Each structure stands twice: as C-alpha cells, then as structure tokens.
Amino acid sequence: MIGAPGENGGSGAVTVIRGTATLLDTAHAVTWTQNSTGVPGGSETGDAFGTGVRVVDLNKDGYADLVIGAPGEDGGAGAVWWLRGSASSVTATGAVSAGAGGTGLGSAGGAHLGNVVTGP
C-alpha cells in the first residue's frame with residue numbers, strides 16, 4: 001500500500017501493489033481515490049486521501065482490508081474509509097467511510113481524523 005496524499009492536486013490517492021516475498025506485481029497495481037467507483041464521497045483539493053494507510057483484517061474473514069485516512073476531508077475535520085479485502089485484492093464493494101462528526105469529534109475543521117491510522 002502506498003499512500004500519496006499530495007497526488008491529484010492534494011486530493012490524494014492510494015495504490016495497492018500485490019506481490020510475494022520476493023517480487024512486486026506492479027503491472028496489476030490498482031489506484032484508489034475518492035472518485036473510484038464504490039468509494040464513498042468525492043475527491044476535493046486538500047483532502048489528503050492516503051495520509052494514513054493501514055492493512056488489517058477488520059472483519060476477521062481472512063482477507064486483508066484497507067483503512068485509508070484523509071485528514072483534510074471536510075475542511076480539516078478528516079475522515080477514514082474501509083475498503084474490504086477479498087481473495088483477489090481489495091474491493092470497494094461494501095466500502096464505508098466515517099467522518100469526524102460521525103465519530104463524536106465534531107464536524108468543525110481541526111480534528112484531522114485519519115492523519116494517522118493504527119490498529120492491532
């Protein structure tokens with residue numbers, strides 16, 4: 001996973017590159033933005049989508065899920081996205097997002113939710 005929060009005029013992007021212990025498969029890399037089909041929301045300059053990225057099996061189905069943070073979303077309030085893992089890669093099918101307001105942090109700028117994404 002490569003987060004590129006400055007990509008696309010600062011709206012951001014995340015690229016998923018699959019591979020093995022010895023080889024990366026860049027020919028089949030997939031880039032995700034807020035404008036990708038199935039990803040909630042839309043890209044805006046300054047969102048910084050991809051500032052925080054984390055691979056973790058959130059739903060315990062045996063597949064690596066992708067958590068993406070965009071601390072510039074909604075004027076600096078920030079948000080996080082969850083793209084689910086599958087047998088073949090990450091998918092936006094069933095993707096969800098949560099902004100600062102929806103997590104109890106308030107919706108005013110300054111929370112920067114998603115600046116850092118950590119977990120087990």
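When I call a residue buried in this talk, I mean that its relative accessible area is under 20%, with exposed reserved for values over 50% and partly exposed for what lies in between. By that criterion, buried residues account for 36% of the 120 residues in the chain, and I should say at once that what we are looking at is a predicted model.

Let me begin with the overall fold. The chain contains 2 helices and 7 strands, and reading along the sequence we meet them in the pattern β-α-β-β-β-β-α-β-β. The radius of gyration is 14 Å, close to the 14 Å that the globule rule gives for 120 residues, so the chain is as compact as a globular protein of that length. Taken along the principal axes, the C-alpha atoms fill a box of roughly 45 × 30 × 25 Å. If we consider the contacts between residues at least 6 apart in sequence, 45% of them join residues at least 24 apart.

As for the surface, the accessible area of the chain is about 6,100 Å², and carbon and sulfur atoms contribute 55% of it. There are 4 positive and 9 negative side chains, with the centres of the two sets 12 Å apart.

Turning to the interior, which residues touch the most other members of the largest nonpolar core? They are Trp32, Leu66, Ile68, Trp81 and Leu83, in a core of 14 residues. Strands β2 (13-16), β5 (65-70), β6 (79-85) and β7 (90-99) each supply at least two residues of this core. In soluble globular proteins, nonpolar side chains tend to be buried together. If we leave aside neighbours within four places in sequence, the contacts of Trp81 include Leu66, Val67, Ile68 and Ala70, as well as Val39, Pro40, Phe49 and Val96, and among them are also Gln34, Glu73 and Ser97.

I would now like to walk through three buried loop positions. Gly78 sits in the loop between α2 (73-76) and β6, and its relative accessible area is 0%, so it counts as buried. Beyond the residues up to four places away, Gly78 touches Ala70, Pro71, Glu73, Gly99, Ala100, His112 and Leu113, and its C-alpha atom is separated by 5.9 Å from that of Gly114, which is 36 residues away along the chain.

Ser11 belongs to the loop between α1 (7-10) and β2 and is buried at 5% relative accessibility. Its contacts, again setting aside neighbours within four places in sequence, include Pro5 and Gln34 together with Ser43, Glu44, Thr45, Gly46, Asp47, Ala48 and Phe49.

Ser89, in the loop between β6 and β7, has a relative accessible area of 17% and is therefore buried under the 20% cut-off. Outside the residues up to four places away, Ser89 touches Val16, Arg18 and Arg84.

Finally, a word on backbone geometry. Most residues other than glycine have a negative phi. Ala48, which we have just met as a contact of Ser11, has a positive phi of about 60° although it is not a glycine; Ala48 lies in the loop between β3 (30-32) and β4 (52-56) and is buried at 16% relative accessibility. Asp74 likewise has a positive phi, near 55°, but this residue is found in helix α2. Is Asp74 buried or partly exposed? With a relative accessible area of 49%, Asp74 is partly exposed.

Technical notes. Residues numbered from 1 in each chain as written. Predicted model: local features only at pLDDT ≥ 70, side-chain atom pairs only at ≥ 80, totals over all residues. Heavy atoms only, no water. Helix = DSSP H or I, 4+ residues; strand = E, 2+ residues; numbered from the N terminus. Rg over C-alpha atoms; globule rule 2.2 N^0.38 Å. Buried < 20%, exposed > 50% of the residue type's maximum accessible area, 1.4 Å probe, protein only. Contact = heavy atoms within 4.5 Å. Areas by Shrake-Rupley, 256 points an atom, 1.4 Å probe, with all protein chains shown as cover. Lys, Arg positive; Asp, Glu negative; His and termini not counted. Charge placed at Lys NZ, Arg CZ, Asp CG, Glu CD. Core = buried A, V, L, I, M, F, W, Y, C linked by side-chain atoms within 4.5 Å.
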